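This briefing goes through a single protein chain by topic, for a reader who has the structure open alongside the text. Please keep the structure in view while reading the points that follow.

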Amino acid sequence: MRPAPGVAAPDEAPTGLHPAFRILLLLVLAAMLFRYSLAALGLALGVVLLAAAAHGRDTLVGIFRALRRIRWLLLSIVVIYLWVAPEPGPAARSAWWPTWSELDIALRRSGVLVVLVAAVELLRRRTGTACMAAGLVMLLRPLGWLGLDVEVFARRLALTLEAVPLTAERVAGAATGRRPGLAGWGDAAAALVRDVEAAAMMPPDTARLPALAGPGARDWLLLAAGVTACLAGGQL
């Protein structure tokens, strides 16, 4: 049976856990991360990196590049929680030397962002924009009863997840090898605009959503195991 126009064949869907369940598992992890201790955050990051390494070096390198792009944000979070707006504590504490409690909170807050960015990058690289949009459509289908155009919303959200890292890579590529001085920055900006315009002329992958089959028993078992692991992490 041929798929309907504008819909990709089911065999184009990624292997492994169902795309809709991948997104759902990511949401569960994101909801639980703020309850994790430093040890639990380290364990969660290790699991994500192992999963990335199992899919090849490119996926692992992509995660490290994504984390490198937020290094200043991570540093800002630590500085804010240690010195700019520390948690209320004893009045006699040193203004320059944070307590272990303050250091723990600062590292946990930055660790949440590290794990979340790594997990999102893993999802983006191993699922693909079109399959993410199709998975979102399945998850958000009940909202269609309220009048929400689920497919349009899912496509836009998936394209946003795809565009943010690609735009960062284009900015870095345009700045590399530029001439020194203000003229060099002008050339880099012009190259970036040309690159973005050329990419905008190409039809997005989400124009053809894969016809995903419903989740099977294996998907439900993997989802249950993943959710259980996420919930157990909050007890460590």
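Is R124 buried or exposed? R124 is buried, because its relative accessible area is 9%, which is below the 20% cut-off for a buried residue. The model is a predicted one, and the points below move from the overall fold to the salt bridges, one helix, the largest pocket and two individual residues.

**Overall fold**

- The protein chain contains nine helices and two strands, and its elements, read from the N terminus, follow the order β-α-α-α-α-α-α-α-α-β-α.
- Of the 236 residues in the protein chain, 31% are buried.
- When contacts between residues at least 6 apart in sequence are considered, 76% of them join residues at least 24 apart.

**Salt bridges**

- A search of the whole structure finds three salt bridges; as a general matter, side chains of opposite charge can pair when their charged atoms come close.
- R124 forms a salt bridge with E121, with the closest N and O atoms 2.9 Å apart, and because these residues are three apart in helix 5, about one helical turn separates R124 from E121.
- R125 also forms a salt bridge with E121, and here the closest N and O atoms are 2.7 Å apart; R125 and E121 are four residues apart in helix 5, so that about one helical turn separates them.
- E121, R124 and R125 are therefore linked in a network of salt bridges, since a salt bridge is counted when a side-chain nitrogen of Lys or Arg lies within 4 Å of a carboxyl oxygen of Asp or Glu.
- Within this network, E121 counts as buried at 5% relative accessibility, whereas R125 counts as partly exposed at 30%.
- R108 forms a salt bridge with D104, the closest N and O atoms being separated by 3.2 Å; both residues lie in helix 5 (residues 100-127), four residues apart, which is about one turn of the helix.
- D104 has a relative accessible area of 17% and is therefore buried, given that the cut-off for a buried residue is under 20%.

**Helix 6**

- Helix 6 (residues 129-140) consists of 12 residues, and the distance from its first C-alpha to its last is 16 Å, close to the 16 Å expected at 1.5 Å a residue.
- Because 10 of the 12 residues of helix 6 are buried, this helix is largely enclosed by the rest of the structure.
- The buried residues of helix 6 include T129, C131, M132, G135, L136, V137 and L140, and A130, A133 and A134 are also among them.

**The largest pocket**

- The largest pocket holds about 870 Å³ of space, and of the 28 residues that line this pocket, the closest to its centre are L25, V47, V48, A51 and L122.
- Helix 1 (19-32), helix 2, helix 5 and helix 9 (217-233) each supply at least two residues of the lining of the largest pocket, and the largest share of that lining, seven residues, comes from helix 9.
- By residue type, the lining of the largest pocket divides into 19 nonpolar, six polar and three charged residues.

**L45 in helix 2**

- L45 lies in helix 2 (residues 38-54), and L45 is partly exposed, with a relative accessible area of 21%; this value is not under the 20% that defines a buried residue.
- Apart from its neighbours within four places in sequence, L45 is in contact with V114, V115 and A118.
- The C-alpha atoms of L45 and A119 are separated by 8.2 Å, although these two residues are 74 residues apart along the chain.

**G216 in a loop**

- G216 is found in the loop between strand 2 (209-210) and helix 9, and G216 is partly exposed, with a relative accessible area of 29%.
- The C-alpha atoms of G216 and H18 are 8.4 Å apart, while the two residues are separated by 198 residues along the chain.

Conventions:
Residues are numbered from 1 along each chain as its sequence is written. This is a predicted model: local features need pLDDT of at least 70, side-chain atom pairs count only at pLDDT 80 or more; totals for chains, interfaces and linings use all residues. Side-chain values use heavy atoms; hydrogens and water are left out. Buried means under 20% relative accessible area, exposed over 50%, partly exposed in between (1.4 Å probe, protein chains only). Contact means heavy atoms within 4.5 Å. The expected span of a helix is 1.5 Å times one less than its number of residues. On a 1 Å grid over the protein atoms alone, a cavity is a set of points where a 1.4 Å probe fits but cannot get out, and a pocket is an open set with protein on both sides within 12 Å along at least five of seven lines; lining residues have an atom within 4 Å of a point. Grid points are joined across faces, edges and corners, and a volume is the space filled by probe spheres set on the points. Ala, Val, Leu, Ile, Met, Phe, Trp, Tyr, Cys and Pro count as nonpolar, Asp, Glu, Lys and Arg as charged, and the others, Gly among them, as polar.
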